[in-house]
Amino acid sequence: MAALSGQLVGKAQQIMDSRGKPTVRVELTLGNITVKGDVPAGASKGEDEAQTVSVTQAIDNIEKVLLPLWKNANLDLSSHASIVQLEEMMIAQAGANFSTLGANATLPLSRALWRLAAALRDKELFAYIRAVEPELASHQRVHFLMNIFNGGLHAIKPGEELGRERIDIQEIMVVPMAAATYQRALEMGERIDEALKTILIEKFSAQRVTRADEAGFSVKGLGNSSEAFALVFEAIQKAGFKPGEDVKLALDVAASSFYHEGMYQFQGKQLSGKDMVKYLTDLVDKYPGMLLSIEDGLAENDWENWTSLTAQMRTRNVVTIGDDLFVTQLPRLKRGIEHQAADAILIKVNQNGTVHGTLQVMKFAKASGVQCVVSHRSGETLDDSIADLAYATGSLGLKTGDPQPMGDFPDPHTWVRRVKYLRMVAMEERTI
Ligand code: PGA
Ligand code: ZN
């Protein structure tokens, strides 16, 4: 029997994200199936990412505009063409770059819709994505980019100065390259997290060592990024691994966040784009073979220097990733491809606004030889569907924060990062 969208029962509600800020959850019910979808939020946002409205407005838009639109269409949900049609109706209604309805209204609904579509076919979400987007389907191993040392907008507190009290590079991530399974990758991340904690507390005292927005460490008074790199390498070794071989580093510089009037305010100095490229190439040369990738090494509109950074990094085997640069949207990705601006795109579903739209961007990237790294946001929820997206498409990486070891995070309600890693473990264990 056809499952018609007219029979859907939907409700939207306010929930809290990992920063304690209100966000939106949608619940859809059809017969005996109930599914959910949440929307996360960023702190270091790209200028051109899909726009949001207030949480109350988003809830209103879902219940009074979008759900009635879907119900009136009365489409057969067991056909994927209908799912795409509902997504496209939503995009058409949402206004320019989602400014009218808000991506915080469309995305949770879209995520719930994809879960429902998968459930109607009795499939896991990742298997459904593979079935309906065969060009994207891949079994390639996904690297975990685990954010272990935090700086920038994710760590700074009122009255503090970046480059002095906190490092200005937003994220230093560890990537367990040698892990044969996702379970092992998670364990390696946990061991490095533990080793780093011990090192930092011994060196700086427990009071100065805290966990920042994405659950990785931050140290008050440690503003020098080079010192932070050295400490992370020390932790990798202390945990029993070989830097460069077993574990590499990935960076998110988030350079747009310290770019003002044509200059980068970095490490207490004013640097030009060319100086930033030099800083990053020198850094890679200082640690040859140790870095997998550098995300947002430059600001989102510094196109010319992006091309030069990517050319430099290609000769050093380091992948450049565009986050604010591309904001998971086709026009900016196309421009980046013309400029050879970056080798990979960061994929954030809420920058795009819908799951279908996100998959179209990923498809275009893949066809153009641009790799994908699927990512969470700094303000997260327990929605783990980005793991399915990464797993289904065999993306280069899944970037979803610190592993949140259970010793320090005993309450599963706080596992907004960990659940994504655990989902990867579960999918692998079921399908190996
Ligand atoms: P955001 O941070 O969610 O605050 O944008 C994550 C990132 O920059 O990759
Ligand atoms: Zn980023």
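**Exercise 1. How are the donor residues of the zinc ion (ligand 2) spaced in sequence?**

*Preliminaries.* This is a predicted model, in which local features need pLDDT of at least 70, side-chain atom pairs count only at pLDDT 80 or more, and totals for chains, interfaces and linings use all residues. Residues are numbered from 1 along each chain as its sequence is written, chains are lettered from A and ligands numbered from 1 in the order in which they are written, and side-chain values use heavy atoms, with hydrogens and water left out.

*Solution.*
Step 1. Identify the donors, namely N, O and S atoms within 2.8 Å of the metal (3.2 Å for Na, K and Ca); water is not among the atoms, so sites may look incomplete. The protein supplies Asp 252 (OD), Glu 295 (OE) and Asp 323 (OD), at 2.0 to 2.3 Å from the zinc ion (ligand 2).
Step 2. Read off the spacing: D-x42-E-x27-D.
Step 3. Place the residues on the chain. Asp 252 belongs to strand S8 (residues 247-252) and Glu 295 to strand S12, so numbered because helices (H or I, at least four residues) and strands (E, at least two) are DSSP runs counted from the N terminus. This pair, 43 residues apart, links distant parts of the chain.
Step 4. Assess accessibility with a 1.4 Å probe on protein chains only: buried means under 20% relative accessible area, exposed over 50%, and partly exposed in between. Both Asp 252 and Glu 295 are buried.

**Exercise 2. Describe the surroundings of strand S13.**

*Solution.*
Step 1. In a regular strand the side chains alternate between the two faces of the sheet. In S13 (residues 319-322), Val 319 and Ile 321 point one way, Thr 320 and Gly 322 the other way, and all are buried.
Step 2. Find the neighbours; two strands pair if DSSP finds at least two bridges between them. Strand S12 (residues 291-295) runs parallel to S13, joined by three bridges, and Glu 295 stands opposite Ile 321. Strand S14 (residues 344-347) is also parallel to S13, through two bridges; Ile 345 is the bridge partner of Gly 322.
Step 3. Determine the handedness. A crossover is right-handed if, with the strands pointing away from the viewer, the path from the first strand over the helix to the second runs clockwise. The unit of S12, helix H8 (residues 303-314) and S13 is a right-handed β-α-β unit. From S13 the chain passes through helix H9 (residues 330-339) to S14, in a right-handed β-α-β crossover.
Step 4. Inspect the loop between S13 and H9, where Thr 328 is found. Thr 328, a residue other than glycine, has a positive phi near 50°, and it counts as buried because its relative accessibility is 0%.

**Exercise 3. Analyse the open sheet S9-S10-S11.**

*Solution.*
Step 1. The three strands have the order S9-S10-S11, with antiparallel pairing.
Step 2. Strand S9 (259-260) and strand S11 (269-271) stand at the edges; each has a single partner strand, so one side of each lacks a neighbour in the sheet.
Step 3. Three bridges join strand S10 (residues 263-266) to S11, and Phe 266 has Lys 269 as its bridge partner in S11.
Step 4. The loop between S10 and S11 contains Gln 267. Gln 267 has a positive phi of about 55°, although it is not a glycine.
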